[in-house]
Amino acid sequence: MKITFFDTLPHEEIFLKEHMPEGIESLFVTTSLHPAANVPDEVYDSDTISVFTPSLLNREILEKFKNLKFILLRSVGFSHVDMHYAKENDIHVFNAPNYGDYTVAEFVFASLLSLIRQIPQANNALRMGNILLDKYMGVELFSKTMGVIGTGAIGSKVVKIARGFSMEVIAHDVYHNTDAEYVSLDELCARADVISINTPLTPDTLRMFDKNRINSLKKGVIIVNTARGEIIDTDALYDAIVDKRVSYAALDVMECEDILWQKPSSATSFNNIKSLCLKNFLIANRLLKMDNVLITPHTAYDTREATQRILDITLENIHSCLNFSSGAKNQVLV
């Protein structure tokens, strides 16, 4: 078996090499895998590849790997993989579930509190020698209504933490796996003071928050998105912030994150879902300049504990690949 790891950091390479099962040829590449990537030709004879979220495994890329049998995702989400191509070509895809449930849920509130209490601005002012007690008035969470969209492994933890702040919690999900009050999406949008988006990106959740949905939100709502950027229409969100329908937005993910890792000239190769990437990128730059918007570079998962769990799960998945013919299929998606 030959495994090529993309998006690798030095500590990941050291750990994986140290714990790699015998008989496996491994190659580590620091860059991401996408249509504009400059990677060595030797990667394309790999029968297994492992990637993180910056990589874009569309049909154009996957067709280059003629011997590919396994894809090991070092992430929970798989929206960056052409799952139809994988299924058609008998390529088995493994993800890394549950590695960062508490990590991401904690980040929801870290970013939320930093934003509504204007902590970065107050800190920066103090560093400049300015003490402006009247300028950074915040908003408290006590008694506010938290609307949680998606109550899976992460969302269910968000529900628990919200209650620790004495918030009223309502939720929307097909599966009612917490004791929160479950309501329709329309009711949640009408009632929630704070909305936390924790649902996967699927055809049903793509642009879930389009212009009409955003216009139906309770005036002054606060939005936190740690799921996937494509769940929110960036253009509509920008307009709602300008119009003050949305008072604050904490965004760890953005539409078209791929553009950050690809050359602008390759934007024409994006699929139809991402046809407005350049426009969204320009809007994102406007959002970055707003004091009531906090954008972070998809780092909600990033703690020492969670990143170690990713590596541990990746090793489990490698062993599952080795034993696949005997029926071991941990974390396999297709």
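Here is a short chat about the predicted model shown above.

Modeller: Quick ground rules: this is a predicted model, where local features need pLDDT of at least 70, side-chain atom pairs count only at pLDDT 80 or more, and totals for chains, interfaces and linings use all residues. Residues are numbered from 1 along each chain as its sequence is written, and side-chain values use heavy atoms, with hydrogens and water left out.

Colleague: What radius of gyration does the chain have?

Modeller: We take that radius over C-alpha atoms, and the globule rule is 2.2 Å times the number of residues to the power 0.38. For 334 residues, a compact globule would come out near 20 Å. The chain agrees with that, at 21 Å.

Colleague: What share of the residues counts as buried?

Modeller: Buried means under 20% relative accessible area, with a 1.4 Å probe and protein chains only. Of the 334 residues, the share that passes is 52%.

Colleague: Which strands stand at the edges of the open sheet?

Modeller: Strands (E, at least two residues) are DSSP runs numbered from the N terminus, and two of them pair if DSSP finds at least two bridges between them. Seven strands form the sheet in the order β8-β7-β6-β9-β10-β11-β12, with parallel pairing. Two of them have a single partner strand each, so one side of each lacks a neighbour in the sheet: β8 (181-182) and β12 (293-295).

Colleague: Which residue in β9 stands opposite Val 148?

Modeller: Strand β6 covers residues 145-149, and β9 covers residues 194-197. They pair in the parallel sense over four bridges. Opposite Val 148, in β9, you'll find Ser 196.

Methods. Buried < 20%, exposed > 50% of the residue type's maximum accessible area, 1.4 Å probe, protein only.
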